[in-house]
Amino acid sequence: MDDLLVPPGPGAPGGLLIPARELRESFSHSSGPGGQGVNTSDSRVQLSFSVSESEAFSPAQRARLLEVLGPRLVDGSLTLAAQEHRSQRRNRAAARARLAQILREALIPPLPRRATKPTKGSQRRRLEAKKQRSEVKANRQRPGH
C-alpha cells in the first residue's frame, strides 16, 4: 500500500502526505455488485485512519480536523467503507480518494463573517411595518381615549 497524497487546498497549501503505516485496511464480503462472485470474494474495503495520532498534521491542522470531523470519529479514528466496485483494487482506490477528499474539505478554514449594514429599503420597510402595527393597536382602543 502506498502513501496517501492529499492535494493542496485551503488549510494545507502544500498538500499533505499521509504515510501508509498510519492507514489500516480490512476486507470483507461486499453487498454491492459482483454477481455470483460477491459471496466468495472480499471486495469490500474498510479504511481506518487515526486523526488524533497522525504525524502528518501540524497541531493547528489536527485541532481543526478533530473539531470538524468530531461527530464522525470513534476514539479519534475515521473509518470509511467502499463497496461500490466489483474489484477490491478499485474499492481500495475509492476509499483512499474519499478519505483524501474528506480531509481536504475538513482542513478548509471557516470564512470570517463580514458585517454589513441594512439597506435603505429594508430600513424603510421595517419602519413602515412598525408604524402600521402601531396603527392596528391604536384602532383597538375605545373611541375617546
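Which side chain of opposite charge is nearest to Arg-96, a residue that is buried yet has no salt bridge? In this predicted model, that neighbour is Glu-25, at 4.6 Å. Because a salt bridge calls for a side-chain nitrogen of Lys or Arg within 4 Å of a carboxyl oxygen of Asp or Glu, the 4.6 Å between Arg-96 and Glu-25 does not qualify. Arg-96 sits in helix 2, which spans residues 88-106. A polar partner is found on the backbone instead: the Arg-96 side chain reaches the backbone oxygen of Asp-2 at 2.5 Å. Beyond its neighbours within four places in sequence, Arg-96 is in contact with residues including Met-1, Asp-3, Leu-4, Leu-23 and Leu-47, as well as with Asp-2 and Glu-25 themselves.

Glu-22 offers a second case to look at. This residue belongs to the loop that joins strand 2 (16-18) and strand 3 (23-28). Glu-22 is likewise buried without a salt bridge, and Arg-21 is its nearest side chain of opposite charge, 4.6 Å away. The Glu-22 side chain does make a polar contact with the side chain of Ser-54, at 2.5 Å, and one of its polar atoms lies 3.1 Å from the backbone nitrogen of Glu-55. With residues up to four places away in sequence set aside, Glu-22 touches Ser-48, Phe-49, Ser-50 and Ala-56, among others.

Phe-49 leads on to the aromatic rings. The whole structure yields one aromatic pair. Phe-49 and Phe-57 form this edge-to-face pair, with 6.0 Å from centre to centre and 75 degrees between the planes. Phe-49 is buried, at a relative accessible area of 0%, and Phe-57 also counts as buried, at 6%.

Technical notes: Residues are numbered from 1 along each chain as its sequence is written. This is a predicted model: local features need pLDDT of at least 70, side-chain atom pairs count only at pLDDT 80 or more; totals for chains, interfaces and linings use all residues. Side-chain values use heavy atoms; hydrogens and water are left out. Rings of Phe, Tyr and Trp (its six-membered ring) pair if their centres lie within 6.5 Å; planes under 30 degrees apart count as stacked, over 60 as edge-to-face and the rest as tilted. Buried means under 20% relative accessible area, exposed over 50%, partly exposed in between (1.4 Å probe, protein chains only). Helices (H or I, at least four residues) and strands (E, at least two) are DSSP runs, numbered from the N terminus. Lys and Arg count as positive and Asp and Glu as negative; His and the chain ends are not counted. A polar contact is a pair of N or O atoms within 3.5 Å; within protein, one must be able to donate a hydrogen and the other to accept it, and residues adjacent in sequence count only if both atoms are side-chain atoms. Contact means heavy atoms within 4.5 Å.
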